[in-house]
Amino acid sequence: VGVPPVATMRTNTASGTHKLALAKSTALGAQLTITINPVPFPPPLPPERKLSSSLKVSVESDVTLALTVKNEGTTPFEFHFPTTQQYDFAVMDRTGRVLWRWGEGKSFPAMVSVKVLAPGESLTYTEHWTPTAHGELIAVGFLTSREERMMAKMPFTVP
């Protein structure tokens with residue numbers, strides 16, 4: 001039985017018995033039984049729980065990064081953060097090498113915090129980076145919450 005593509009894995013309804021052939025064993029009379037119980041996938045988010053994220057980058061004497069996360073659903077959404085850090089930014093070169101990370105070297109107390117995003121409400125986090133490189137770069141902004149790994153990427157150029 002072939003492995004289904006990841007994109008359709010949630011809708012795979014394969015069932016039944018499948019035989020597995022093995023080479024002859026040196027221990028005569030041995031029998032191998034493999035039982036595989038499928039791990040249930042968590043149900044998808046209900047349609048009323050929709051989140052989106054976007055990243056804006058502007059380049060002047062420094063680079064301004066603004067990550068926005070919006071609750072486009074009809075119910076409130078809770079983000080749980082394991083520390084006081086709620087977001088992070090990174091700038092990478094085209095090879096993926098990280099040139100800067102906002103949270104690197106900072107200390108964030110291990111104090112659980114919760115942020116509730118009401119329907120239609122959005123959060124925007126903004127930070128600045130003084131360029132240490134020029135050319136085509138990639139900015140990444142993301143939340144550090146436990147349940148939702150909201151992230152956005154944006155290519156940009158530093159002249």
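**Exercise 1. Work out which helices and strands the protein has, and how they follow one another.**

Solution. Start by counting elements in this predicted model: there are zero helices and nine strands. Next, read along the sequence, and the pattern comes out as β-β-β-β-β-β-β-β-β. Then look at how the chain meets itself. Among contacts between residues at least 6 apart in sequence, 69% join residues at least 24 apart.

**Exercise 2. Find out how confident the prediction is, and where to be careful.**

Solution. Begin with the overall score: the protein averages a pLDDT of 82, and 69% of the residues score at least 70. Now turn to residues 3-12, where pLDDT stays under 50. For that stretch the model has six contacts beyond four places in sequence. How should such a part be treated? Where pLDDT is low, the predicted coordinates should not be read in detail.

**Exercise 3. Describe the surface of the protein, then look for a nonpolar patch.**

Solution. First take the whole: the accessible surface comes to about 11200 Å², and 57% of it belongs to carbon and sulfur atoms. As for the interior, buried residues make up 27% of the 159 residues.

Next, go to the patch. Val112, Val114 and Val116 make a nonpolar surface patch of about 240 Å². Pick out Val112, which sits in the loop between β5 (98-101) and β6 (113-117). Its relative accessibility is 52%, and since exposed means over 50%, Val112 counts as exposed.

**Exercise 4. List the salt bridges and say what each one joins.**

Solution. A search of the whole structure finds three. Take them one at a time.

- Step 1: Arg101 pairs with Asp88, and their closest N and O atoms are 2.8 Å apart. Arg101 belongs to strand β5 and Asp88 to strand β4 (residues 87-93), so this salt bridge ties together parts that are 13 residues apart in sequence. Arg101 is partly exposed at 38% relative accessibility, while Asp88 is buried at 3%.
- Step 2: Asp93 pairs with Arg97, with 3.2 Å between the closest N and O atoms. Here Asp93 counts as buried at 13% relative accessibility, whereas Arg97 counts as exposed at 53%.
- Step 3: Arg94 pairs with Glu136, the closest N and O atoms being 3.4 Å apart. Arg94 lies in the loop between β4 and β5 and Glu136 in strand β8, so the pair ties together parts that are 42 residues apart in sequence. Arg94 is exposed, with a relative accessible area of 52%.

**Exercise 5. Decide whether Thr144 is buried or exposed, and name its surroundings.**

Solution. Locate the residue first: Thr144 is in the loop between β8 (135-143) and β9 (151-158). Then check its relative accessibility, which is 15%; buried means under 20%, so Thr144 counts as buried.

Now see what is around Thr144. Leaving aside neighbours within four places in sequence, Thr144 is in contact with Phe81, Pro82, Gln85, Gln86, Tyr87, Asp88 and Arg149. One of these deserves another look: the backbone oxygen of Gln85 lies 2.6 Å from a polar atom of the Thr144 side chain. Asp88 is familiar too, as the salt-bridge partner of Arg101.

**Exercise 6. Place Ala118 in the chain and find what it touches.**

Solution. Ala118 is found in the loop between β6 and β7 (122-129). Its relative accessible area is 31%, so Ala118 is partly exposed. Not counting residues up to four places away in sequence, Ala118 touches Asn71 and Pro76. For a distance, compare Ala118 with Lys70: the two are 48 residues apart along the chain, and their C-alpha atoms are separated by 9.1 Å.

**Exercise 7. Do the same for Lys56.**

Solution. Lys56 has its place in strand β1 (residues 51-59). With 64% relative accessibility, Lys56 counts as exposed. Beyond its neighbours within four places in sequence, Lys56 is in contact with Thr64, Leu65 and Ala66. Finally, set sequence against space: Lys56 and Ala152 are 96 residues apart in sequence and 9.2 Å apart in space, C-alpha to C-alpha.

How values were computed: Residues numbered from 1 in each chain as written. Predicted model: local features only at pLDDT ≥ 70, side-chain atom pairs only at ≥ 80, totals over all residues. Heavy atoms only, no water. Helix = DSSP H or I, 4+ residues; strand = E, 2+ residues; numbered from the N terminus. Buried < 20%, exposed > 50% of the residue type's maximum accessible area, 1.4 Å probe, protein only. Polar contact = N/O pair within 3.5 Å; in protein donor to acceptor, adjacent residues only side chain to side chain. Contact = heavy atoms within 4.5 Å. Patch = residues over 30% accessible without salt bridge, like charges linked within 9 Å, V, L, I, M, F, W, Y side chains within 5 Å. Areas by Shrake-Rupley, 256 points an atom, 1.4 Å probe, with all protein chains shown as cover. Salt bridge = Lys/Arg side-chain N within 4 Å of Asp/Glu carboxyl O. pLDDT = per-residue confidence, 0-100.
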